[in-house]
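Q: Could you go through this one with me? I'd like to start with the cysteines and then look at some helices.

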Amino acid sequence: MKKLQEAQLRKPVTPDLLMTPSDQGDVDLDVDFAADRGNWTGKLDFLLSCIGYCVGLGNVWRFPYRAYTNGGGAFLVPYFLMLAICGIPLFFLELSLGQFSSLGPLAVWKISPLFKGAGAAMLLIVGLVAIYYNMIIAYVLFYLFASLTSDLPWQHCGNWWNTDLCLEHRGSKDGNGALPLNLTSTVSPSEEYWSRYVLHIQGSQGIGSPGGIRWNLCLCLLLAWVIVFLCILKGVKSSGKVVYFTATFPYLILVMLLIRGVTLPGAWKGIKFYLTPQFHYLLSSKVWIEAALQIFYSLGVGFGGLLTFASYNTFHQNIYRDTFIVTLGNAITSILAGFAIFSVLGYMSQELDVPVGQVAKAGPGLAFVVYPQAMTMLPLSPFWSFLFFFMLLTLGLDSQFAFLETIVTAVTDEFPYYLRPKKVVFSGLICVAMYLMGLVLTTDGGMYWLVLLDDYSASFGLMVVVITTCLAVTRVYGIQRFCRDIHMMLGFKPGIYFRACWLFLTPATLLALLVYSIVKYQPSEYGTYRFPAWAELLGILMGLLSCLLIPAGMLVAVLREEGSLWERLQQASRPTMDWGPSLEENRTGMYVATLPGSQSPKPLMVHMRKYGGITSFENTAIEVDREIAEEEESMM
């Protein structure tokens, strides 16, 4: 036995990149964590949480519309190219930062305290998004309850909220197949139900006079926050179990809607409209920008959710494999959702005898007007309506879990001794505070405020944060050092593809996106309503505030150091002494014995005592130590 161990010590073992320590037999998943912080309790918790976080409402109500307006099937060319240039590298970078340090979006900037303002900007952005995102979930809950009836309330005119312009856009063909009325001068019952009953937007004169609170929406919003709080009650231990349902059940419903959609008459008319390639669109820069924006926002990079989830992983979790599973799965889901949506829209256009483009919409217009109207044309319409909105509910909740967990984790990691023992109370206070701040969204003019938050809270500010993070890690911390850290975790260094993207392609693409969004700036609008100048200024300041937190954080970091300005900048940009893996046995090379209260200068021996012998990852640690020693000798 002793000879076998000696032979294993002499012969490096190549790590199996498709396996993680948790896959290699029945091991205790808790051995690789600090007990007080919490961790994933199952092998699939992390993967399903990431899938649930990335696959959200945008996959259903933004991607299909964005695809057909930008070249149909030809849009997939820039879409997958931008996924390779921006999506996958940024996704892997954020997961690597979180897993290596086991820290949230604020504390992770021990890597370079000069840029801690980027972490604060992340929290501001994710906080604003969480406020209005849960309002969308409240709308979904409203429609979900409204579907529990034998006759959908938006199916017919003649209700107190309908006007004289209301016309039931179904079965209105005459014998020759021509419509007796011009639909452009009429309004569907589903549109008036949404605007005049659900929103009651006629009770508001604009964003400056929101009107009274809609108590039915207020209660739906309260229910949404209660659901979120109960699911994150015990952190990732509870939300990690909920996602087994919320991340998988939407796929079952999506497949059911897809099968029902493609069997409808006229379905292929909509699918053809959705995917017919129009390659001349590829000559337009707008199409490439739209593809990059879709990738950027659908994967959720820069919000801190991925970093937070990865911080609860084991140190050797194979995030390289998980990156490709989640990013490609997200793209495929978006494409499948397009088939489910446009097959029904094709049927709807045939029933109304109008072009598909006339019924196709994006965003809330698709989810709360067009698709509900299409549901009224189907047999068992309440059943299909309930399934559709239940799918939207599960899609939205996963993302909201991530937003709240990001905020809670970031703050508790900054004040662990005070807040970790009271994490449940702190999470409840966050939910209550955000519910109160979101009450303005439940007023008659709440939709105006929601549009303003949606347009500005995560626009150019989020791009600035991601660009800053990418440059700080690869340029200030150093691409070689970052790749060495990944080598410690996974047993291999990222290849030329990731290095080229992190150093050049990804920052350049994001910078082009930022410039484009500024040059092509358009004021916010909702339907025919144009926002006043003060509202536009408020939105711009909302985006600028997250950007200004970065230089503000730099100023604070510099003032905390001593010496000349240049010396202060150098000291503030260096990693702190306790930067590195959170557990002592994972700290090798430059990270040896840098934890407060560290007793052992040989973390490798801790591994040997705990696991017995040398594993592939310990061989990797020996290799990293040897590389560091060789670099130090060459510098002397």
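Q: So is C470 buried or exposed?
A: C470 counts as buried, with a relative accessibility of 1%, where buried means under 20% relative accessible area, exposed over 50%, and partly exposed in between (1.4 Å probe, protein chains only). Keep in mind that this is a predicted model, in which local features need pLDDT of at least 70 and side-chain atom pairs count only at pLDDT 80 or more, while totals for chains, interfaces and linings use all residues. Residues are numbered from 1 along each chain as its sequence is written, and side-chain values use heavy atoms, with hydrogens and water left out.

Q: Why is there no bond from C470 to C86?
A: The closest cysteine sulfur to that of C470 is in C86, and it lies 9.1 Å away, which is too far for a bond; a disulfide is a pair of cysteine sulfur atoms within 2.5 Å.

Q: How many disulfides are there in the whole structure?
A: The search of the whole structure finds one disulfide, and it joins C157 to C166 with an S to S distance of 1.9 Å.

Q: Which handedness does it have?
A: This disulfide is left-handed, because the torsion about the S-S bond of C157 and C166 is about -80 degrees.

Q: And are its two ends buried or exposed?
A: C157 counts as partly exposed at 23% relative accessibility, whereas C166 counts as buried at 13%.

Q: What about C431, buried or exposed?
A: C431 is buried, and its relative accessible area is 5%.
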